[in-house]
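Here is a short briefing to read alongside the model. Take a moment to look at the fold, then follow the points below.

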Amino acid sequence: MSEPVRTPDCNSPIAAHARKEFPLLDANMTVAEALERIRREGVGERVIYFFATDAEKRLVGVLPTRRLLTASPDTRLEEIMVRKVVAIPATATVLDACEFFVLYKFFAFPVVDEKRRVVGVVDVSLFAEEMLQADERAEQPRPGPVSDEFFEALGFRLSQIRGASPWRAFRYRFPWLLATVTSGTMCAVLAGAFEATLARSLVIAFFLTMVLGLNESVSTQSMSVTIQALRSVGMTWRWFRDAFQRELVTALLIGIACGALVAFIVWFWRGDVLAAYVIGGSIALSLVTACLFGLGVPSVLHWLKLDPKIAAGPVTLALADFFALVFYFTGAWLVFG
């Protein structure tokens, strides 16, 4: 009698479902030595890729089977392996692992611990099983982790208020709205301080909504990318430095492109070169800060062991709005007096 197939729980740790029977190869081995180890230790249930490790057993490369079998026997593995390896952290869930299969389109991934030592391998069959489960759940639709993600960006989990009393729903939803109320009040006070400047150039007021909309959109994009990245990597200064450099370049490109486009629109519509300069320049500067807030706020919350999905949304949007208006009104004041 065959053993029943165990379907994975999407929220269970991926390490519990990873295969442990697989050969690990030393990066300084030759192809002949690697094949000899594979013959001696076996290949386990199924093998799609072979993984190479260094002297400290840390993952350093991946070897597709075809590349290993067609290479010269005296070639060292470090010469033919692919050094850029996408690995799933052992702390990830089955749902996180499925996202890896969707994003990277590989047939298998190594599962690594915090020191990047391989603790298991998951292949595409796990993803197929989870998709079958998803199809079964679709026959009886109910809110799940995917729909929760939308509400988490707003400051609460859907599971917290599903079936709750009005008072309980209020207690979960209202505190995070205070961030929006606070930032809105600060923005209103800031606008009042520049009332005379707005009166001198009404075109500045015309584009105020666009400035805030662009900043919220860009900060939300950056925040979503950062939160997804933090689900699959550990928060380290090296990771943050690399992510900051990458996000800064992206932010500069987005800011310059949007600023130049809006400046052209202002000049073409109103024929006001100074207003075009103020609006385009402040948009470029504020979008850069919006991107960096989208990276920085979730990263800091993750470092403080808080849930970045819950708190990052309201905080990031509040900061992005306030600093966007600071740059916008200050630029107008410097140019128009």
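Buried residues, meaning those under 20% relative accessible area (exposed is over 50%, partly exposed in between; 1.4 Å probe, protein chains only), account for 40% of the chain's 337 residues. This is a predicted model, in which local features need pLDDT of at least 70 and side-chain atom pairs count only at pLDDT 80 or more, while totals for chains, interfaces and linings use all residues. Residues are numbered from 1 along each chain as its sequence is written, and side-chain values use heavy atoms, with hydrogens and water left out.

**The chain as a whole**

- The chain has 14 helices and six strands; these are DSSP runs numbered from the N terminus, with helices being H or I of at least four residues and strands E of at least two.
- Contact means heavy atoms within 4.5 Å. Among contacts between residues at least 6 apart in sequence, 66% join residues at least 24 apart.
- About 19,100 Å² of the chain is exposed, and carbon and sulfur atoms supply 64% of that area. Accessible areas come from the Shrake-Rupley method with a 1.4 Å probe, and for residues only the protein chains shown count as cover.

**Helix 12**

- Helix 12 (237-270) has 34 residues and spans 47 Å from its first C-alpha to its last, close to the 50 Å expected at 1.5 Å a residue. The expected span is 1.5 Å times one less than the number of residues.
- Its buried residues are Trp-239, Phe-240, Ala-243, Glu-247, Ala-251, Gly-255, Gly-259, Val-262, Ala-263 and Val-266.
- Helix 10, helix 11 and helix 13 are among the elements that cover these buried residues of helix 12.
- Gly-271 follows helix 12 and has a positive phi, near 65°.

**Nonpolar cores**

- A nonpolar core is a set of buried Ala, Val, Leu, Ile, Met, Phe, Trp, Tyr and Cys residues joined through side-chain atoms within 4.5 Å.
- In the largest one, with 28 residues, the members that touch the most others are Val-203, Ile-204, Phe-207, Val-266, Ile-279, Tyr-328 and Phe-329.
- At least two residues of this core come from each of helix 8 (166-193), helix 10, helix 11 (208-230), helix 12, helix 13 (273-303) and helix 14 (308-336). Helix 13 gives the most, nine residues.
- Which residues does Val-266 contact, leaving aside its neighbours within four places in sequence? They are Val-203, Phe-207, Gly-271, Asp-272, Ala-275, Ala-276 and Ile-279.
- A second, separate core has 14 residues, including Ala-34, Leu-77, Ile-80 and Met-81.

**The loop at Thr-75**

- Thr-75 sits in the loop between helix 2 (65-70) and helix 3 (77-80), and it counts as buried because its relative accessibility is 15%.
- Beyond neighbours within four places in sequence, Thr-75 is in contact with Met-29, Thr-30, Val-31 and Ile-80.

**A nonpolar patch on the surface**

- Leu-202, Phe-206, Leu-261, Phe-264, Ile-265, Trp-267, Phe-268, Trp-269 and Val-273 make a nonpolar surface patch of about 1,000 Å². Patches are made of residues with over 30% relative accessible area and no salt bridge, with like charges joined within 9 Å and nonpolar side chains (Val, Leu, Ile, Met, Phe, Trp, Tyr) within 5 Å.
- Helix 10 (202-206) and helix 12 each give two or more residues to the patch, and the largest share, six residues, is from helix 12.
- Leu-202 belongs to helix 10 and counts as exposed because its relative accessibility is 53%.

**Salt bridges**

- There are eight salt bridges, each a side-chain nitrogen of Lys or Arg within 4 Å of a carboxyl oxygen of Asp or Glu.
- Asp-123 and Arg-19 pair at 3.3 Å, N to O. This bridge links distant parts of the chain, from strand 6 (residues 118-123) to the segment before strand 1 (24-26), with the partners 104 residues apart. Both Asp-123 and Arg-19 are buried.
- Arg-39 and Glu-36 also form a salt bridge, with their closest N and O atoms 3.4 Å apart. The two are three residues apart in helix 1 (residues 31-41), so about one helical turn separates them.
- Arg-39 is exposed, at 60% relative accessibility, whereas Glu-36 is partly exposed, at 39%.
- Asp-54 and Arg-58 meet at 3.2 Å, N to O, and Arg-58 is partly exposed at 35% relative accessibility.
- Asp-26, Arg-37 and Lys-57 are joined into one network by salt bridges that share partners.
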